[in-house]
Amino acid sequence: MSDHSVSAGEIKRRDFLYVATGAFAAVGGAIALWPFIQQMEPSSDVLAAGGPLAVDVSKIEPGQQILVMWRSKPIFVVNRTSPMLATLKEPALLAKLSDPNSKAKQQPAYAENWSRSLQPEYLVLVAICTHLGCIPGFKPNKGQVDASWQGGYLCPCHGSRYDLAGRVHMAQPAPLNLPVPPYHFTDAKTLVIGENPKGSAYSLSEVETL
Ligand code: FES
């Protein structure tokens, strides 16, 4: 097992930009570098409360990912660039995916679309591999894993591959796409994880892998 092996309960410091545990996750300009900047331990009362978590997405640089904690679960938030989004429609990628149209119940109806998101530029995923629960590694650049790599996630435990929408490749140990948590935006920069848009009812308890 390589030193990249990590379970959801053993998140290594380098995997964080910021771990938000309070009511508001402010990602400061001083912490713009991937992979690790700061970690905060959640208080037991915050974990127990399990309330919605607000994240200021305006501080996430284009192409950057942050990781926050919501209800003890690691959540990826990515600011996807136009080239990153363009990969999601490439026929060569779609041909590799197990569930390119997100038909398995791994997301709310409002994210059952080509970008698996409410706003294409912002990807919000539960950062738990659908195989055995490791945290996939963010590999956003083309060619970063091998010559045909189009950007996405590579699970360090058994090598499952996902694209930049969390869609799993075919013939991987992981059987399903990464889940999307309930979320909505209250304004242009405020993402709230744990609450659906008005009129939507969805809970992570509905997905097949959590
Ligand atoms: S836990 Fe991700 S491939 Fe096994």
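Me: Two strands pair if DSSP finds at least two bridges between them. In what order do the 3 strands of the open sheet stand?
Reply: This is a predicted model. The pairing in this sheet is antiparallel. The order is β3-β4-β5.

Me: Which strands stand at the edges of the sheet?
Reply: An edge strand here has a single partner strand, so one side is left without a neighbour in the sheet. That applies to residues 65–70 and to residues 122–126. The edge strands are β3 and β5.

Me: By how much are neighbouring strands of this sheet turned against each other on average?
Reply: Direction is ignored for this angle. The average turn between neighbouring strands is 25°.

Me: How many bridges join β3 to β4?
Reply: β4 covers residues 73–79 and runs antiparallel to β3. Trp70 stands opposite Lys73 in β4. Ile66 has Val77 as its bridge partner. The number of bridges is 6.

Me: Which residue in the turn of the β3 and β4 hairpin has a positive phi of about 50°?
Reply: The hairpin has 2 residues between its strands. Ser72 lies in the loop between β3 and β4, but its phi is near 70°. The residue with phi near 50° also lies in that loop, and it is Arg71.

Me: Is Ser72 buried or exposed, or does it fall in between?
Reply: Buried takes 20 or more C-beta neighbours within 10 Å, and exposed takes 12 or fewer. Ser72 has 13 such neighbours, so it falls in between. Arg71, with 18, gets that label too. Ser72 counts as partly exposed.

Me: How many residues of β3 are buried?
Reply: Gln65, Leu67 and Met69 point one way from the strand, and all are buried. Ile66, Val68 and Trp70 point the other way and are buried too. The strand is therefore largely enclosed by the rest of the structure. The count is 6 of the 6 residues.

Me: Which element gives the most residues to the largest nonpolar core?
Reply: This core has 41 residues. Elements giving two or more residues to this core are β2 (53–56), β3, β4, β5 and β10 (190–193). The top contribution is 5 residues, and it comes from β3.

Me: Which residues have the most contacts inside the largest nonpolar core?
Reply: In soluble globular proteins, nonpolar side chains tend to be buried together. Val68, one of the residues asked for, is a buried residue of β3. The full set is Val68, Ile75, Val77, Val124 and Leu125.

Me: Which residues is Leu125 in contact with, leaving aside its neighbours within four places in sequence?
Reply: Leu125 is itself among the core residues with the most contacts. Its partners include Ile75, which is in that group as well. The contacts of Leu125 are Ile75, Phe76, Gly166, Leu178 and Val180.

Me: What pattern does the protein chain follow along the sequence?
Reply: The chain has 3 helices and 10 strands. Of its 210 residues, 36% are buried. Read along the sequence, the pattern is β-α-β-β-β-α-α-β-β-β-β-β-β.

Me: Over which residues does pLDDT stay under 50?
Reply: The chain averages a pLDDT of 83, and 77% of the residues score at least 70. The stretch in question has 85 contacts beyond four places in sequence in the model. It spans residues 1–42.

Methods
Residues numbered from 1 in each chain as written. Predicted model: local features only at pLDDT ≥ 70, side-chain atom pairs only at ≥ 80, totals over all residues. Helix = DSSP H or I, 4+ residues; strand = E, 2+ residues; numbered from the N terminus. Axes fitted to C-alpha atoms, helices over the stretch in contact; angles between N-to-C directions. pLDDT = per-residue confidence, 0-100. Contact = placed C-beta atoms within 7 Å. Core = buried A, V, L, I, M, F, W, Y, C linked by C-beta atoms within 7 Å.
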